[in-house]
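Reader: Hey, got a minute to walk me through this one? I'd like to start with the strands and then jump around a bit.

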Protein chains: 2
Amino acid sequence: MELSARFREMELYIKTLQDRICQALEQEDTQRFHEDLWERPEGGGGRTRVLAGRFFEKGGVNISVVHGEMSEAVARQLNTLQAPFAACGISLVVHPRSPRVPTVHMNVRTFETESGACWFGGGVDLTPYYPHPEDFQAFHQTLHQACEAAIPGSYAEYKRWCDEYFTVAHRGEMRGVGGIFFDYLDGNDPRHADLVRRVGDAFLEAYLPIVQRRREELFTEADKQFQLIRRGRYVEFNLVYDRGTLFGLKTNGRIESILMSLPPEVHFRYDWHPDPGSPHEQMQRYYQPQEWLNGMA
Amino acid sequence: MELSARFREMELYIKTLQDRICQALEQEDTQRFHEDLWERPEGGGGRTRVLAGRFFEKGGVNISVVHGEMSEAVARQLNTLQAPFAACGISLVVHPRSPRVPTVHMNVRTFETESGACWFGGGVDLTPYYPHPEDFQAFHQTLHQACEAAIPGSYAEYKRWCDEYFTVAHRGEMRGVGGIFFDYLDGNDPRHADLVRRVGDAFLEAYLPIVQRRREELFTEADKQFQLIRRGRYVEFNLVYDRGTLFGLKTNGRIESILMSLPPEVHFRYDWHPDPGSPHEQMQRYYQPQEWLNGMA
């Protein structure tokens, strides 16, 4: 199929963004990303970069540009006509070693078919393990700016969508403190192409200040325990609910690139609860949807 | 609804079996099981026993006896008429600390509805982390005896069913070395009631000799690493594929009793492979279906 100019621009954008982000994360660590180039038998491929660092215990930044025929099952799941398609996107997850520094996830992607369907999707969300509400507020503030610059009034909608999406439904809680999430945004509306770039660009601006502010904080054994338990909830979300993960696993995607999002070390305890009055009990309350930018549009 | 004599007998059987198994496992450890009694708002409840032991890092033995109305979604999933139902069963998972001692799972259950449907289900499977093929063979041998005593010729069928069921499909491998699995076995055939008891009774006989034979074995750091990685595959199976787990999570089951099956400590590494020529590489080959009882019916 002939790719649109919009698609080509997005492809170029995610490649450059991957470079920028990996460079910036390497600068915070002492280790370098390892790169794997891979091909998809049915068409296209990707560039997976992973870091097993000193500071970032596990980080993965993946781009993929794929194309081919669409199976009937995929067409049904995407609610579109079965037709040749192309998709590209960048997806990253970073799990720092320190429980005082949050886990973060970002993804932007576009999809188009020969029959004319095309859309954008993406999101950014933060999974902290220690109650630093000023960080969560600043994170949302940066995402708010990015959304509003592209589409006035859009932050509130995408923030709510994120609260709903990144929920561990069987626990009745979110996996973190949210951020933004959007999907199936009309690709013919140029504001959406602008949005995904602004969101991609906002990632480092939203996350790095938190890293820099918290990286030297001392932490306790109880902080570490809490992080390991909460990482278990991250696994529960990704394997039970995350559409992208399940879609990839069930359509013969590149398994290692899909599952690079899983935390490096995880604990699962029976009926675990934080100590009453502890910062961890306080943190748990932040895993419910709330307004981070009171008084802002 | 009026419960059948078959159901009452099963209920009594699983209660006694839970006691027998917990007692035997406590005898191998120095710690005792912790017990939680719980009620299901819609009817019935259960008795969850968990062990955070010295030798058994995490063990859970749960029984539940529940009844109530069936939702439309459940009726559809079970492919039965919507009607008042009752179900009871025992389910256990044991994760030893030593990578030389396998993880094990056992479950037997029965289900009946007022409209007359009734069936039995269950299974036992072994997830070892070190190539001790004589153990895997002995384990299968014990299950073979139990199946054949109840229904001649049944082991081969239930063994094949297990090979298919306990598969991490996206990895193209089983979670362990299998065992037996069966479901929707006609409750009106008395051979099936006999089968589930024989399977329940066979559990300790199949597992304890392995524990006793391997518990004092020295292990290496590489053995431990392999165990932690393979426990990750166990998590992948349970959260992505296990029907019982997903059914429980999505029908408001008791979350802690369902997820007690998850290993206590788990590692997820990017694109991890065992060293060529290592016992772990050899072990990986056993995660493909194979005949353990050559020459036996």
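Author: Sure. Take β5 (residues 103–113) and β6 (residues 118–127) of chain B: they pair in the antiparallel sense over 10 bridges. Keep in mind that this is a predicted model.

Reader: Ok, so which residue is the bridge partner of V108(B) in β6(B)?

Author: That's G122(B).

Reader: And what's the strand order of the open sheet in chain B?

Author: The order is β1-β2-β3-β4-β5-β6-β9, so to speak a run of 7 strands with antiparallel pairing.

Reader: Which strands stand at the edges?

Author: β1 (34–39) and β9 (178–186) of chain B. Each has a single partner strand, so one side of each has no neighbour in the sheet.

Reader: How much twist from one strand to the next?

Author: It averages 5°.

Reader: Anything lying across that sheet?

Author: Helix α4 (residues 154–165) of chain B lies across β6 and β9 of chain B. Relative to β9(B), α4(B) runs at about 105°.

Reader: Switching to chain A. At what angle do α3(A) and α4(A) pack?

Author: About 125°, and their axes are 8 Å apart. Here α3(A) covers residues 133–150 and α4(A) covers residues 154–165.

Reader: Why do you call that oblique?

Author: Roughly perpendicular is 65 to 115 degrees and roughly antiparallel is over 145, so an angle of about 125° makes α3(A) oblique to α4(A).

Reader: Which residues make the contact?

Author: From α3(A) there are L143(A), H144(A), C147(A), E148(A) and A150(A). On the α4(A) side you have S154(A), Y155(A) and Y158(A). By class, the contact has 5 nonpolar, 2 polar and 1 charged residues.

Reader: Cool. Now the two chains: how many residues does each put into the contact?

Author: Chain B gives 23 residues, and chain A gives 23 residues.

Reader: Which elements of chain B give two or more residues to its side?

Author: α6 (221–240), α8 (255–258) and β10 (265–267) of chain B. The largest share, 4 residues, comes from α6(B).

Reader: And how do the residues on chain B's side divide by class?

Author: There are 14 nonpolar, 3 polar and 6 charged residues on the side of chain B that touches chain A.

Reader: You mentioned β10. What joins β10(A) to β10(B)?

Author: 3 bridges, with the two strands running antiparallel. In chain A the strand is residues 265–267.

Reader: Which residue stands opposite V266(A) there?

Author: V266(B), in β10(B).

Note on methods. Residues numbered from 1 in each chain as written. Chains lettered and ligands numbered in written order. Predicted model: local features only at pLDDT ≥ 70, side-chain atom pairs only at ≥ 80, totals over all residues. Contact = placed C-beta atoms within 7 Å. Nonpolar A, V, L, I, M, F, W, Y, C, P; charged D, E, K, R; others polar. Pairing = 2+ DSSP bridges. Axes fitted to C-alpha atoms, helices over the stretch in contact; angles between N-to-C directions. Parallel < 35°, antiparallel > 145°, perpendicular 65-115°, else oblique.
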